[in-house]
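Good morning, and thank you for coming. I would like to take you through one structure, beginning with its sheet and ending with a pocket.

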Amino acid sequence: MNQQSDQWSAYHFSLANPEGPGRGDVPRFLRRLADTVEECGNIEIQDTVFVQEMGDDGDMFPRATVYYHRAEPEVEEA
C-alpha cells in the first residue's frame, strides 16, 4: 500500500568493492549489491544511485547508494 505524505524518510546504505585487485570489477560489484539487498529482507527500494569513482591510485571503481524503506508486512486475507 502506498501512502502519500508531506514528510518521509528513507534508510540507505552505500557499497563498493574492497580496495585491492578486482576493485573495478563491475559484475562482482553487482553480485555483492544484489546479495546485500537480499540480506536486508522485506524492503522496498526507492532509488539506487550508481557511480564510478576514482580511487587514490587513479583507477575507477563502482559504488552505489541504495535508498529504501521497510516494506509493510503482507496481510493474508481471510
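**The sheet and its surroundings**

Strands S1 and S3 run antiparallel and are joined by 6 bridges. A strand here is a DSSP run of E with at least two residues, a helix is a run of H or I with at least four, and both are numbered from the N terminus. Two strands count as paired if DSSP finds at least two bridges between them.

Before going further, I should state that this is a predicted model, in which local features need pLDDT of at least 70 and side-chain atom pairs count only at pLDDT 80 or more, while totals for chains, interfaces and linings use all residues. Residues are numbered from 1 along each chain as its sequence is written, and side-chain values use heavy atoms, with hydrogens and water left out.

Within the S1 and S3 pairing, Ser-14 stands opposite Thr-65 of S3. Strand S3, residues 60-70, also runs antiparallel to S2, and 11 bridges join these two. Here Glu-44 has His-69 in S3 as its bridge partner, Val-51 faces Arg-63, and Gln-52 faces Pro-62. S2 and S3 form a hairpin with 5 residues between them, and Gly-58 in the turn has a positive phi of about 90°.

How are the strands ordered in the sheet? The 3 strands form an open sheet in the order S1-S3-S2, with antiparallel pairing. Strands S1 (11-16) and S2 (43-54) are the edge strands, each pairing on one side only. From one strand to the next, the twist averages 20°. Helix H1, residues 26-39, packs on the sheet and touches S1, S2 and S3, and its direction makes about 150° with that of S1. Contact means heavy atoms within 4.5 Å; axes are lines fitted to C-alpha atoms, for helices over the stretch in contact, and angles run from 0 to 180 degrees between N-to-C directions.

Let us turn to the aromatic rings. The whole structure holds 3 aromatic pairs. One of them, Tyr-11 with Tyr-68, is stacked, at 5.6 Å centre to centre and 25° between the planes. Rings of Phe, Tyr and Trp (its six-membered ring) pair if their centres lie within 6.5 Å; planes under 30 degrees apart are stacked, over 60 edge-to-face, and the rest tilted. Tyr-11 in S1 and Tyr-68 in S3 are 57 residues apart, so this pair links distant parts of the chain.
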